[in-house]
Amino acid sequence: MDPRQKVQHCISSFQRSVSELRAAARETENSAARNAFISSAQKVEECIQQCQIAINQFK
C-alpha cells in the first residue's frame with residue numbers, strides 16, 4: 001500500500017470516529033460530556049482536512 005492509500009485509509013477511519021463521537025454526543029444527557037464529544041469530533045475533522053491537504057501534495 002502506497003503512502004497515499006495509507007492516508008486515505010486513515011481518513012476513512014477518522015470519518016467513522018467523527019460519526020461515533022457525534023452519535024455519543026447525541027446520546028448523552030451530560031452536557032459537559034456532550035460538549036467534549038462535539039469538540040473532539042471537530043478536532044478530528046481538522047485532522048481530516050490536514051490529511052486531505054497532504055494527499056493533494058502528491059498530485
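Author: A nonpolar core is a set of buried Ala, Val, Leu, Ile, Met, Phe, Trp, Tyr and Cys residues joined through side-chain atoms within 4.5 Å. Please keep in mind that the structure above is a predicted model.

Reader: Which residues make up the largest nonpolar core here?

Author: The largest nonpolar core consists of seven residues, namely Ile11, Val18, Ala41, Val44, Ile48, Cys51 and Ile55. Two elements, α1 (3-27) and α2 (31-56), each give two or more residues to this core. The element that gives the most is α2, with five residues.

Reader: With which residues is alanine 41 in contact, leaving aside its neighbours within four places in sequence?

Author: Once those neighbours are set aside, alanine 41 is in contact with Val18, Leu21 and Arg22. Of the residues just named, Val18 also belongs to the largest nonpolar core.

Reader: How should I read a salt bridge, and how many salt bridges are there in this structure?

Author: One looks for a side-chain nitrogen of Lys or Arg within 4 Å of a carboxyl oxygen of Asp or Glu. By this rule, the count is one salt bridge. Glutamate 45 forms a salt bridge with arginine 22, and their closest N and O atoms are 2.8 Å apart. Because glutamate 45 lies in helix α2 and arginine 22 in helix α1, the pair ties together parts that are 23 residues apart in sequence.

Reader: Are glutamate 45 and arginine 22 exposed, partly exposed or buried?

Author: Glutamate 45 has a relative accessible area of 30%, so this residue is partly exposed. Arginine 22, at 27% relative accessibility, also counts as partly exposed.

Reader: Where is glutamine 50 placed, and is this residue buried or exposed?

Author: Glutamine 50 is placed in helix α2. The cut-off needed here is that exposed means over 50% relative accessible area. Glutamine 50 has 55% relative accessibility and therefore counts as exposed. Its C-alpha atom is separated by 9.9 Å from that of isoleucine 11, although the two residues are 39 residues apart along the chain.

Reader: How many disulfides does the structure hold, and why is there no bond at cysteine 10?

Author: A disulfide requires a pair of cysteine sulfur atoms within 2.5 Å. The structure holds zero disulfides. For cysteine 10, the closest cysteine sulfur is in cysteine 51, at 6.8 Å, which is too far for a bond. Cysteine 10 counts as partly exposed, at 36% relative accessibility.

Reader: What is the closest cysteine sulfur to that of cysteine 51?

Author: For cysteine 51, the closest cysteine sulfur is in cysteine 47, at a distance of 6.7 Å, and this is also too far for a bond.

How values were computed. Residues are numbered from 1 along each chain as its sequence is written. This is a predicted model: local features need pLDDT of at least 70, side-chain atom pairs count only at pLDDT 80 or more; totals for chains, interfaces and linings use all residues. Side-chain values use heavy atoms; hydrogens and water are left out. Buried means under 20% relative accessible area, exposed over 50%, partly exposed in between (1.4 Å probe, protein chains only). Helices (H or I, at least four residues) and strands (E, at least two) are DSSP runs, numbered from the N terminus. Contact means heavy atoms within 4.5 Å.
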